[in-house]
Amino acid sequence: QVQLVESGGGLVQAGGSLKLSCAASTRIFSILVMGWYRQAPGKQRELVALITGGGSTNYADSVKGRFTISRDNAKNTVYLQMSSLKPEDTAVYYCNTDMARSGLGRVVYWGQGTQVTVSS
């Protein structure tokens with residue numbers, strides 16, 4: 001019932017910035033908890049950041065102070081602003097919503113992912 005489409009990935013040098021977008025196709029976007037995850041080669045997918053419908057956020061320790069998650073409910077879009085990028089940030093970044101976090105069931109939705117590559 002929720003379609004998620006990420007965009008904005010690319011190649012950037014260490015220390016640079018990149019902003020990812022996730023467009024959500026749903027009529028209840030404003031009440032959903034949205035997340036960004038990433039998966040680097042050979043590693044497990046990990047949670048990067050979460051944002052509630054009201055704008056409360058949580059971040060992985062590895063990105064605190066460098067990444068900012070935000071949302072525009074009028075546009076049904078969640079963003080991940082990434083700054084001071086490091087080579088270890090290289091991964092496929094996925095947009096996510098877990099209905100359990102929103103109290104709306106047990107279904108988890110994922111976007112297709114967008115590649116972020118940080119060169120040293």
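The open sheet here has four strands in the order β1-β3-β8-β7, paired in the antiparallel sense. Strands are DSSP runs of E with at least two residues, numbered from the N terminus, and two strands count as paired if DSSP finds at least two bridges between them. Since β1 (3-7) and β7 stand at the edges with a single partner strand each, one side of each is left without a neighbour in the sheet. Direction ignored, neighbouring strands of this sheet are turned by 15° against each other on average; the angles are taken between N-to-C directions, run from 0 to 180 degrees, and use axes that are lines fitted to C-alpha atoms.

A word on the model before going further. It is a predicted one, in which local features need pLDDT of at least 70 and side-chain atom pairs count only at pLDDT 80 or more, while totals for chains, interfaces and linings use all residues. Residues are numbered from 1 along each chain as its sequence is written, and side-chain values use heavy atoms, with hydrogens and water left out.

Back to the edge of that sheet: β7 and β8 run antiparallel and are joined by six bridges. Within this pairing, Thr68 stands opposite Gln81 in β8. In a regular strand the side chains alternate between the two faces of the sheet.

Now for strand β4, which has two pairings to look at. This strand covers residues 34-39, and five of its six residues are buried, where buried means under 20% relative accessible area, exposed means over 50%, and partly exposed lies in between (1.4 Å probe, protein chains only). With strand β5 (residues 46-51), β4 pairs in the antiparallel sense over five bridges, and Tyr37 has Leu47 in β5 as its bridge partner. The hairpin of β4 and β5 has six residues between the strands, and Gly42 takes a positive phi near 75° in this hairpin. β4 also runs antiparallel to β9, with six bridges joining the two; here Met34 has Thr97 in β9 as its bridge partner.

Strand β9 takes us on to the disulfide. A search of the whole structure finds one, a disulfide being a pair of cysteine sulfur atoms within 2.5 Å. The bond joins Cys22 to Cys95, with an S to S distance of 2.0 Å. Cys22 sits in strand β3 (residues 18-25) and Cys95 in strand β9 (residues 91-98), so the link spans distant parts of the chain, 73 residues apart. The torsion about the S-S bond is about -80°, which makes the disulfide of Cys22 and Cys95 left-handed. Cys22 is buried at 0% relative accessible area, and Cys95 is likewise buried at 0%.

Next come the charged pairs. Side chains of opposite charge can pair when their charged atoms come close. A salt bridge is counted when a side-chain nitrogen of Lys or Arg lies within 4 Å of a carboxyl oxygen of Asp or Glu, and by this rule there are four. The table gives three of the pairs.

| Basic residue | Acidic residue | N to O distance |
|---|---|---|
| Arg38 | Glu46 | 2.7 Å |
| Lys64 | Asp61 | 2.9 Å |
| Arg66 | Asp89 | 2.7 Å |

Arg66 lies in the loop between β6 (57-59) and β7 (67-72), and Asp89 in the loop between β8 (77-82) and β9, so this pair ties together parts that are 23 residues apart in sequence. Arg66 is buried at 12% relative accessible area, and Asp89 is buried at 0%. Arg38, Glu46, Arg66 and Asp89 are linked in a network of salt bridges. In that network, Arg38 is buried at 5%, whereas Glu46 is partly exposed at 30%. As for the pair of Lys64 and Asp61, Lys64 is partly exposed at 49% and Asp61 is exposed at 64%.

Finally, the surface offers a nonpolar patch. Ile28, Ile31 and Leu104 form it, with about 250 Å² of accessible area together. Patches are made of residues with over 30% relative accessible area and no salt bridge, joined within 9 Å for like charges and within 5 Å for nonpolar side chains (Val, Leu, Ile, Met, Phe, Trp, Tyr). The areas come from the Shrake-Rupley method with a 1.4 Å probe, and for residues only the protein chains shown count as cover. Leu104 lies in the loop between β9 and β10 (108-110) and is partly exposed, at 41% relative accessibility.
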